[in-house]
Each structure stands twice: as structure tokens, then as C-alpha cells.
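Student: I should like to learn how to read the features of a structural model. May we begin with the charged pairs?

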Amino acid sequence: MCTLEKRGNLFILTFTGEDQHRFNPNVIGSLLSLLSQVKAEATRGSALITQAQGKFFSNGFDLDWAQAAGSEQGAAERLHHMVDLFRPVIAALLSLPMPTVAAITGHAAAGGFALALSHDYLIMRKDRGVLYMSEVDIALTIPDYFNALFREKIGDASVRRDFLLRGLKMKGDEAEKRGVVEAAYGGEAEVKQASVRLAENFGKRKWHGEVYAEIRKGLYPQLSAILGLTHKAYTIARL
Amino acid sequence: MCTLEKRGNVFILTFTGEDQHRFNPNLIGSLLSLLSQVKAEATRGSALITQAQGKFFSNGFDLDWAQAAGSEQGAAERLHHMVALFKPVTAALLSLPMPTVAAITGHAAAAGFLLALSHDYLIMRKDRGVLYMSEVDIALTIPDYFNALFREKIGDASVRRDLLLRGLKMKGDEAEKRGVVEAAYGGEAEVREASVRLAENLGKRKWNGEVYAEIRKGLYPQLSAILGLTHKAYTIARL
């Protein structure tokens, strides 16, 4: 499942265990709950790292759970349900009053890749793991908020096309070169260390969390609108 | 004019002859008709290559035909007519239920460049041929759907400005470097071979064509809206 710990100013959200960390309603509910907790305990200098154990960051929605409905219609309904349930997770990350880092030490596919991409900074392994939007290969269309996330986070139209229309499995060095991730490192330990370093350095900037979140939402206006997030103007008297 | 052939899973649309392959109402009508045929005969694994014989991929709308109206007003009406007639061609390519490749072995200018850009992948020659938006040089404004296509296909704002506002004639190596085309090759034969290889490789993915088209439309939402294309969500029971 997922756990939350605090190390100094850092909140660390971990998908535990060696499984594919797929998102079903339970996991999504946990995620939402933990993100609420992070938000409630946020102070100036906070930062979030999301990471996972094992070979997968996350392989996306729990399609086995969807199929367990027992009929094509039932499976479609369960999948739509998970797509809807997951929206507030992305909204929570987009509104989180602190910098966020995704430490990608394994495969991030479909909803799993969307989760990673919902962070401010992505750190990835060079030697193992791919970023992959599997939808075209399994004949699923892309939810609106996934499209908005890709459109506003990945500026290169060819990269978006390669992910969504071509089902490209992108390794760390290509992801770094093409601007999809901030940096790629040689192994799991290095990725985790680099993520902690990055998060701690951001924390030292002691940003005002609410303002940080507003600026972030302003960077991604289409996504914010699709997620129903409102925008506030702040003038803090530290001018 | 233009012809359609099928080689295995690959549909090949060819502008035949050594002329500039300019789009007048007849040619546009042919194009639309052939694209309808491609759509009707599509199966999983289908792909389209659009190519041309001679020195030109296409030099755009048939301005001679427009001027043959005999008056400035008449010419303007004929040009507007062709712009309006061409919109469904762009719409058909954007909705085509298969991957599409433009094999650009000659100059692609104005609406000819637009036709190429309406494909998923552009392959070009390095040694001959340019991409060129001639409108600024001949004092014509850019139709709305042309602008939307450039905006959503070419992420780099400087490239868009160079092509539309500067009338830059971009050769293959620059086009590859700046991300306008997928790849540029040393000669005509290489371009054609590379296009066939690409189309065949894409075909081997055996994508569901309708889902592929929906994902494509989702990648280019502003263009889809301007072209009046609706969006459908699919959940296929291959979960």
C-alpha cells in the first residue's frame, strides 16, 4: 500500500512492497488521505518526495480489479470509476503547498506515469525502468485531465506524440535528454539520494506554501481548470 | 493528380507527375475521396504514407486558378473557397484510424506544408527541398485551422515564428534538428524506404484504429475544435 513518513522537513510517500503498485479505489483513497495529511502538516520549508519499492513506480490503474466486475460493461464502469476517483489525487498534488519530487526507481506507466508527472520534479534511473503510456497499446483513450497534464508539462509536441500516439517506452537517459525528467541517475540509491538532496535544497528556500501552490496552478491553467481548481491572488506584506 | 495503392498493410497516396501538385477544387475533391476510401478499408495494422513525384511535395493552393476568376474579388473568393474546401482534408487526416507518414521528397509550401504537417510523422530529404510558409511573402493571412495546426504540432514558438512570420525556407537538416520533422535522409530513395519502414513498424503495433484516432484528436484539441471534430471515450475489453 502506501505509507507516509517525515524526515526533518521532508514528507516521504512510499508505495511499499514488490508489486506493481496499481491504483484501485483503496489505494487511491489512501493516497488522497495521506496527501490531505501532508497538506495539513505543511510548514514553510516543507517538501514532498513520492517513491516506491521494487521494480515499479506504478503500473497505473488496477485493470484486474476492473475485469473482476465480470462483464465488459462492468469493467468499463469500474475503469471510469477509477479515472474519476484519481482526479482529486492529481488536484491535490497540483495544489500541494510545497515543492514535490517524484523519485522514479522503477517503471511508471499510464496512471503511474501521470502520478509522477503531477510532481514538480521528476528524477529517474538511467539503467532500469521506463516511462510508458500504455493506453494506445491496450485500446484505451486518454482521460481529459491526463491530456491536459501532458500538454502543459511536456512542451515538446513530438514527445507528447511519441508517448500518447506511439506508445513509446522511454528510458531515463532519453527522458532526461528530451526534457521529460529533471535528471536521470545510474541506480536506485543515487535516484533516492538525488531526490532527497533536491527536496532539501528546495526546503531551504522556505517558500510560502500557499503562494507556491498558486504559482504552480498558474503554470498549468488548463489542467487547473479541468480539475476545477480556483485561482487566488496573494499579496503578502513582505514586499 | 493523386492515386491510391495498397502494399500489404500500407496505403500509399501519391501526387503523380512532375508539376507543383497544387490544390484546386478538383484535386482537393480527389484527395477527400481517396482518404474516405482509406478510412473505409482500414484494419488493425493499417498505415498511410503520402508522397509525391517530382520536385514538389505540394506548393499549396492553385493561385493561378484563383486569378483566372478575372477580378481581384473573384480571385479572393476562389482562394477562400479552396481554404474552406481543404478544411475537411485536414479533418480527415486528423481522424484517420491509422498512423500516417508524410514522405517529403520535394518542396512543401503553404497548404502543401500544411498537408504534410497534418500527418503523424514527417520524413524529409536533407539534400533537396524546403518547408516554407509563403503566405507572408505573398501577402496572404493564415487561415485559422493552419494556425491551430502549427500551434499544436510545433511546440517551439521560435520555429513557429520563423515559419509563419519570417517566411523561412527550412531545409531537412534544420527541420530535423528543430523538431519539425521526425527524420531527414540523404536522398529520395532513402526517404521513401525510411517512410515505408516506419509505416510498417507502426502497423506491426496493430493498434485499434478508432482508439488511435481518438488519442490523436486528444493530442490536438484546439485544432479538433476548429475542425468541428467531436471526441469519444473508448474502453475496450482488452484490459
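Student: How many salt bridges are there between chain A and chain B?

Tutor: A pair of this kind is recognised by a side-chain nitrogen of Lys or Arg within 4 Å of a carboxyl oxygen of Asp or Glu. In this predicted model, three salt bridges are counted between chain A and chain B. Over all chains, the structure holds 25 salt bridges.

Student: Which residue forms a salt bridge with A:Arg166?

Tutor: The partner is B:Glu182, and the closest N and O atoms of the pair are 3.0 Å apart. A:Arg166 lies in the loop between helix 6 and strand 9 (169–171) of chain A, whereas B:Glu182 lies in the loop between helix 7 (172–177) and strand 10 (183–185) of chain B, so the pair joins two chains.

Student: Which side chain meets A:Asp137 in a salt bridge?

Tutor: That side chain belongs to B:Arg205, with a distance of 3.1 Å from N to O.

Student: How many residue pairs are in polar contact between chain A and chain B?

Tutor: Seven residue pairs are counted, with both residues of each pair at pLDDT 80 or more.

Student: Which elements of chain A give two or more residues to the side that touches chain B?

Tutor: They are helix 2 (63–67), helix 3, helix 5 and helix 6 (157–164) of chain A. Helix 6 of chain A provides the largest share, six residues. Sorted by class, this side of chain A has 13 nonpolar, seven polar and eight charged residues.

Student: How is the size of an interface often given?

Tutor: It is often expressed as the accessible area that is lost when the parts come together. Here, chain A and chain B bury about 2,500 Å² between them, and 56% of that lies on carbon and sulfur atoms. A:Thr141, A:Leu165 and A:Arg166 supply 27% of the area that chain A buries against chain B, more than any other three residues. In residues, the contact takes 28 from chain A and 30 from chain B.

Student: At what angle do helix 3 and helix 5 of chain A pack?

Tutor: Helix packing is read from an angle together with a distance between axes. Helix 3 (residues 72–95) and helix 5 (residues 144–153) of chain A pack at about 35°, and their axes are 10 Å apart. On the helix 3 side, A:Val83, A:Phe86, A:Arg87 and A:Ile90 take part, meeting A:Asp144, A:Tyr145 and A:Phe146 of helix 5. By class, this contact has five nonpolar, no polar and two charged residues.

Student: Why is chain A described as being as compact as a globular protein of its length?

Tutor: One compares its radius of gyration with the value from the globule rule. Chain A has a radius of gyration of 17 Å, close to the 18 Å that the rule gives for 239 residues, so chain A is as compact as a globular protein of that length. Its secondary structure comes to ten helices and ten strands, and its C-alpha trace spans about 60 × 40 × 35 Å along the principal axes.

Student: What is the radius of gyration of chain B?

Tutor: Chain B has 17 Å, which agrees with the value near 18 Å for a compact globule of 239 residues. There are ten helices and ten strands in chain B.

Student: How far apart in sequence and in space are B:Lys169 and B:Tyr132?

Tutor: The two are 37 residues apart in sequence, and their C-alpha atoms are 4.7 Å apart in space. B:Lys169 belongs to strand 9 (residues 169–171) of chain B. Leaving aside neighbours within four places in sequence, B:Lys169 is in contact with B:Val130, B:Leu131 and B:Tyr132.

Note on methods. Residues are numbered from 1 along each chain as its sequence is written. Chains are lettered from A and ligands numbered from 1 in the order in which they are written. This is a predicted model: local features need pLDDT of at least 70, side-chain atom pairs count only at pLDDT 80 or more; totals for chains, interfaces and linings use all residues. Side-chain values use heavy atoms; hydrogens and water are left out. Axes are lines fitted to C-alpha atoms, for helices over the stretch in contact, and angles run from 0 to 180 degrees between N-to-C directions. Helices (H or I, at least four residues) and strands (E, at least two) are DSSP runs, numbered from the N terminus. Contact means heavy atoms within 4.5 Å. Ala, Val, Leu, Ile, Met, Phe, Trp, Tyr, Cys and Pro count as nonpolar, Asp, Glu, Lys and Arg as charged, and the others, Gly among them, as polar. Buried area is the accessible area (1.4 Å probe) that two parts lose on being put together, summed over both. A polar contact is a pair of N or O atoms within 3.5 Å; within protein, one must be able to donate a hydrogen and the other to accept it, and residues adjacent in sequence count only if both atoms are side-chain atoms. The radius of gyration is taken over C-alpha atoms; the globule rule is 2.2 Å times the number of residues to the power 0.38.
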